[in-house]
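Subject: Structure handover

Hi there,

Here is the structure I promised to pass on. Please open it alongside this message, and my notes follow below.

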Amino acid sequence: MRKTRKRLPASGSQASVRRHEEHLPWKKQKLLDIHQALNCDPVDIETLRRAAASEGGLLTDDIRRKVWPKLLSVNVYSLPAKPSKDVREDHKDYRQVVLDVRRSMRRFPKGMRVDEREVLQEQLIDIILDVLRRNPQLHYYQGYHDLVVTFLLVVGERMTIAIMEKLSNHHLRDFMDPTMDNTKHILNYLMPILERVDRELHDFMIRSEVGTIFALSWLITWYGYVLSDFRHVLRLYDFFLASHPLMAIYFAAVIVLYRQKEVKSSECDMASVHHLLSQMPQDLPYEDLIGRAQKLFISCPPSLMTQSAALQSCNIIAISTFTDFQTSTLMQRPDSVLRQQKRHENPPALPMSPQPANTNQLIKMAVWGLSATLGAAALAVAQTAMDWAPEFLSQIF
């Protein structure tokens, strides 16, 4: 009979922590795992990716403000400045961006005050134009604002600029070409994926000549345009930020597969099938579909799909740069270290020398008021970046 070695008991504090972790509810365990991953040096990106993709995603907006930047290798202590006043001057996309943003009222929370929404809409315009000005190789497309507004509502103006600059040069890069050729090419992954899983469904859709245009808005907005519940949008953004750039098209495939009975029972013509698939159900089992999409990606990876004749001879930028992009995220320092580095770069100013007694009192008050305002602003930024951690741990223990 084979002998098994007994595990030696851990020291008192270690054993206590381990016993506590073993009995934590799954959400609290996930919070603990995320907190530990964020404080590793380098940051444990793989754990953060798993947390974002697994059941429940990143759970809260506080956690998203911490994890989303890490998934994209964004340094929250070195964010771009707010857009300047001249960002709108003579920009070729200004009119279209304004039109799209003005039509985006439904993307803002119900019950939000009109003046608050209008401020955010102005920020939305400036963010889009600023990213485009900073990256002249990128071309605006209708639907881009649906992505930007999602990040703006969660992380604020400056971090949204940094996040969108990263995404626009990687995950979304092919959508921002001068033409839609690469976007159409990515859509062309849909049919070969369906053929691998459900040949009958695939053949039915081919006979109907429905094509893939019904999934265009799903793909280029990461489903932000077609989902009415903001919680579901955020859950998918967690998933896509932690995944391969083509995961959004795999998710489209699992939606079609989930609705295969409806599709097969409809009239086999383009108008009927397109109308059916264009109407996105709002009660989809999102966690189940995310799990299916992950399994589908493993069983039918892009490298296998490119063997299809329809997917040959095209260079998808997001695919070709993805490995380098992932590698770039692996050596990030935790925010505690980045904060210390920022302090060393910007040491506190030396105390002011005493002023003569006859200094104009009004000037003194003006200087003090300005200093207090700037100090409060700096404190607010620091608090936004760091204060959630103790609260975060209190949720666990």
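Let me start with a question: is aspartate 126 buried or exposed? Aspartate 126 is buried, at a relative accessible area of 16%; here buried means under 20% relative accessible area, exposed over 50% and partly exposed in between, using a 1.4 Å probe and protein chains only.

Two notes on the source before going on. This is a predicted model, in which local features need pLDDT of at least 70 and side-chain atom pairs count only at pLDDT 80 or more, while totals for chains, interfaces and linings use all residues. Residues are numbered from 1 along each chain as its sequence is written, and side-chain values use heavy atoms, leaving out hydrogens and water.

Salt bridges

The whole structure contains 25 salt bridges, each being a side-chain nitrogen of Lys or Arg within 4 Å of a carboxyl oxygen of Asp or Glu. Aspartate 126 takes part in one of them with arginine 88, where the closest N and O atoms are 2.7 Å apart. This pair links distant parts of the chain, 38 residues apart: aspartate 126 sits in helix H6 (residues 114-134) and arginine 88 in the loop between H4 and H5. Helices (H or I, at least four residues) and strands (E, at least two) are DSSP runs numbered from the N terminus. Through shared partners, salt bridges join Arg88, Arg102, Glu122 and Asp126 into one network. Arginine 88 itself is partly exposed, at 21% relative accessibility.

A local pair is found in helix H4: arginine 65 and aspartate 62 form a salt bridge with their closest N and O atoms 2.6 Å apart. Because they are 3 residues apart in that helix, about one helical turn separates them.

Around proline 42

Aspartate 41 and proline 42 are joined by a cis peptide bond, with omega about 5°. Proline 42 belongs to the loop between helix H2 (26-39) and helix H3 (45-53), and is partly exposed at 33% relative accessibility. Leaving aside residues up to four places away in sequence, proline 42 touches Leu330, Met331 and Gln332, where contact means heavy atoms within 4.5 Å. Its C-alpha lies 5.0 Å from that of arginine 333, although the two are 291 residues apart in sequence. The neighbouring aspartate 41 meets arginine 333 in a side-chain salt bridge (2.8 Å, N to O). Arginine 333 lies in the loop between helix H20 (322-328) and helix H21 (335-345), so this salt bridge, too, links distant parts of the chain.The core and two unusual phi values

The largest nonpolar core has 113 residues, and those touching the most other members are Trp68, Tyr144, Met205, Trp218, Tyr223, Ile249 and Phe251. Such a core is a set of buried Ala, Val, Leu, Ile, Met, Phe, Trp, Tyr and Cys residues joined through side-chain atoms within 4.5 Å. Helix H14 (residues 247-258) supplies the largest share of this core, 11 residues.

Tyrosine 223 has a positive phi, near 70°, in a residue other than glycine. Tyrosine 223 is buried, with a relative accessible area of 1%. Aspartate 90 also has a positive phi, near 55°, but is exposed at 80%.

Lastly, the structure holds 0 disulfides, a disulfide being a pair of cysteine sulfur atoms within 2.5 Å.

Best wishes
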